[in-house]
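Subject: Handing over a structure

Dear colleague,

Please find below the structure that I promised to pass on to you. My notes on what was found in it follow straight after.

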Amino acid sequence: MHLLAFLIIGAVAGWLAGLITKGGGFGLLGDIVVGVVGAFLGGFLFRMLGLFPGGGLIPSLIVATIGAIVLLFLIRLIKRA
């Protein structure tokens, strides 16, 4: 069940990040990839800043979405160069 929850959170976080950055969705698989990589990036960034939002669905979704937004920003920054 944990893997399924992880994939659902990744899909929702990737979709939200696409909407927030005005890039639109990336399809189900693309949203999952962006969200999962964003979750790892967000977790790393939050730990580096000394922030621990706690466990649960909502904090995990927030961390994953913020990480996905940062990921999309970095990808767009690299694509411009």
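Helices here are DSSP runs of type H or I with at least four residues, and they are numbered from the N terminus. In that numbering, threonine 65 is found in helix 3. Please keep in mind throughout that this is a predicted model.

To begin with the whole chain, the protein chain has three helices and zero strands, and read along the sequence it follows the pattern α-α-α. A compact globule of 81 residues would have a radius of gyration near 12 Å, and the protein chain has 12 Å, which agrees. The C-alpha trace spans about 35 × 30 × 15 Å along its principal axes. Of the 81 residues in the protein chain, 31% are buried. If one takes the contacts between residues at least 6 apart in sequence, 68% of them join residues at least 24 apart. The protein chain exposes about 5,400 Å², and carbon and sulfur atoms supply 79% of that area.

Turning to helix 1, which covers residues 2-20, its 19 residues should span 27 Å at 1.5 Å a residue, and its end C-alpha atoms are 26 Å apart, which agrees. Its buried residues are Ile9, Gly10, Ala11, Ala13, Gly14, Ala17 and Gly18, and they pack against helix 2 (27-48) and helix 3 (57-80). Tryptophan 15 is also found in helix 1, but this residue is partly exposed, because its relative accessible area of 41% lies between the limits of 20% for buried and 50% for exposed. Together with Leu4, Ile8, Val12 and Leu19, Trp15 makes a nonpolar surface patch of about 440 Å².

Just after helix 1, lysine 22 takes a positive phi of about 60 degrees. Threonine 21 is found in the loop between helix 1 and helix 2, and with a relative accessible area of 22% it is partly exposed. Leaving aside its neighbours within four places in sequence, threonine 21 is in contact with Ile69, Leu72 and Arg76. The C-alpha atoms of threonine 21 and isoleucine 78 are separated by 15 Å, although these two residues are 57 residues apart along the chain.

Helix 2 has 22 residues and reaches 31 Å from its first C-alpha to its last, which is close to the 32 Å expected at 1.5 Å a residue. Its buried residues are Asp31, Ile32, Val34, Gly35, Val36, Gly38, Gly42, Gly43 and Phe46, and what covers them includes helix 1 and helix 3. Just after helix 2, glycine 50 takes a positive phi of about 75 degrees.

That leaves threonine 65, which I mentioned at the start as a residue of helix 3. Is threonine 65 buried or exposed? Threonine 65 is buried, because its relative accessible area is 8% and buried means under 20%. Which residues is threonine 65 in contact with, leaving aside its neighbours within four places in sequence? They are Ala13, Leu16, Ala17 and Ile20. Two of these names have come up before, since Ala13 and Ala17 are among the buried residues of helix 1.

With best wishes

Terms used. Residues numbered from 1 in each chain as written. Predicted model: local features only at pLDDT ≥ 70, side-chain atom pairs only at ≥ 80, totals over all residues. Heavy atoms only, no water. Helix = DSSP H or I, 4+ residues; strand = E, 2+ residues; numbered from the N terminus. Expected span 1.5 Å × (residues − 1). Buried < 20%, exposed > 50% of the residue type's maximum accessible area, 1.4 Å probe, protein only. Contact = heavy atoms within 4.5 Å. Patch = residues over 30% accessible without salt bridge, like charges linked within 9 Å, V, L, I, M, F, W, Y side chains within 5 Å. Areas by Shrake-Rupley, 256 points an atom, 1.4 Å probe, with all protein chains shown as cover. Salt bridge = Lys/Arg side-chain N within 4 Å of Asp/Glu carboxyl O. Rg over C-alpha atoms; globule rule 2.2 N^0.38 Å.
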